Structure formats: C-alpha cells, structure tokens
Amino acid sequence: MSAAPHINLTPAPEPPYDGDRAQARDPQTSGSLALDTRPLVWGPPGALPDERALRHLGQALAEVLSGRRPPETVASRLTERAYQELLRAGTMLHTGHPPFAGAVRVTEPRDGAVEMCVMVHCGRRVHVLAVRLERHGMRWLCTDFETA
C-alpha cells in the first residue's frame, strides 16, 4: 500500500507584499483587453519591439480614447507629458462599437525611438492611431500620440 502524498493546507503566514496591494488597487477594465502591468522592455539597444505588445498598447490607448478604459490603466506606459495630453484629449473616438486594433506598422526613425501606426476598427468607422515610443533605460514609453 502506497502512502498518500502530503498536502499542506495551511496558508502562508506572510502578509501581502506591496506589489500585491498595488495590483488590487488597479482600476478595473470591464470589457477591455487586459494590459500586462509589467513595463515594456525589449532587449538590448537596437532590438526591435514585439509587435504583439505594441498592438496591445494600441488597443489599450484606443479603448481610453473611446471612453471604454480608464486612462490610469496605461499611465505606466506613457511619459508624464503624454499622459497629461491623454487626459486632456478625453474621448476622441466616438463610436457605438468597441474599438479593435488591427495590424501594427512599425518604423524606427532613429536608435531609441519607435513609431507605430495602427488601424483602429470601430464598427463601420476606421481610425488611425499613431504612437511614438522612446527608450528610457530598458523601458519604452509613449511620448506622443495622434488619432484621426
């Protein structure tokens, strides 16, 4: 007869860490794409960004610009100036349908800067979202954006 595996059902005695508490306070994004809370980091200098992560950022920005996501959820991805501009912009994409970010076109105008253009489908309407990101250490932060 074999012994049953020992399972410890006692909860860990440690309180939640500061990082765990911060996650609990993050604004809810009901009906929106979940944006990874880790900073955008893409390898050594000269490494091109992951286009999927850029599309997710474009999707999250489109959701903010359509009023479907609180701006605080993308604050860590933007410089302070770009975040203040996002707050001033308010709802720029007026649509009855949730936005959907399509394929991303990426260019690298200079080392340490990436510009992306993404088509944002909003039902019958299509908007263009242009975003510039610059490397700040190992992180990439949005420094500017435009939509039409």
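Reader: Over how many bridges do strand 3 and strand 4 pair in this predicted model?
Author: The model is predicted. Strand 3 covers residues 125–136 and strand 4 covers residues 139–147. R135 stands opposite W140 in strand 4, and L133 stands opposite C142. The pairing is antiparallel, and the number of bridges is eight.

Reader: Which residue in the turn between strand 3 and strand 4 has a positive phi?
Author: The two strands form a hairpin. Two residues lie between them. A phi of about 70° belongs to G137.

Reader: Which strands stand at the edges of the sheet?
Author: The sheet is open, with four antiparallel strands in the order 1-2-3-4. An edge strand here has a single partner, so one side of it is left without a neighbour in the sheet. The edges are strand 1 (100–110) and strand 4.

Reader: What angle does the direction of helix 2 make with that of strand 1?
Author: Helix 2 spans residues 51–65 and packs on the sheet. It touches strand 1, strand 2, strand 3 and strand 4. The angle with strand 1 is about 115°.

Reader: Is R110 buried, partly exposed or exposed?
Author: R110 forms a salt bridge with E134, the closest N and O atoms being 3.8 Å apart. Its relative accessibility is 43%. Buried needs under 20% and exposed over 50%, so R110 is partly exposed.

Reader: Which residues are linked in a network of salt bridges?
Author: R132 in strand 3 meets E115 in strand 2, so parts 17 residues apart in sequence are tied together. The N to O distance of that pair is 2.6 Å. E134 also meets R132, at 2.9 Å, and E134 bridges to R110. The network holds R110, E115, R132 and E134.

Notes:
Residues numbered from 1 in each chain as written. Predicted model: local features only at pLDDT ≥ 70, side-chain atom pairs only at ≥ 80, totals over all residues. Heavy atoms only, no water. Pairing = 2+ DSSP bridges. Contact = heavy atoms within 4.5 Å. Axes fitted to C-alpha atoms, helices over the stretch in contact; angles between N-to-C directions. Salt bridge = Lys/Arg side-chain N within 4 Å of Asp/Glu carboxyl O. Buried < 20%, exposed > 50% of the residue type's maximum accessible area, 1.4 Å probe, protein only.
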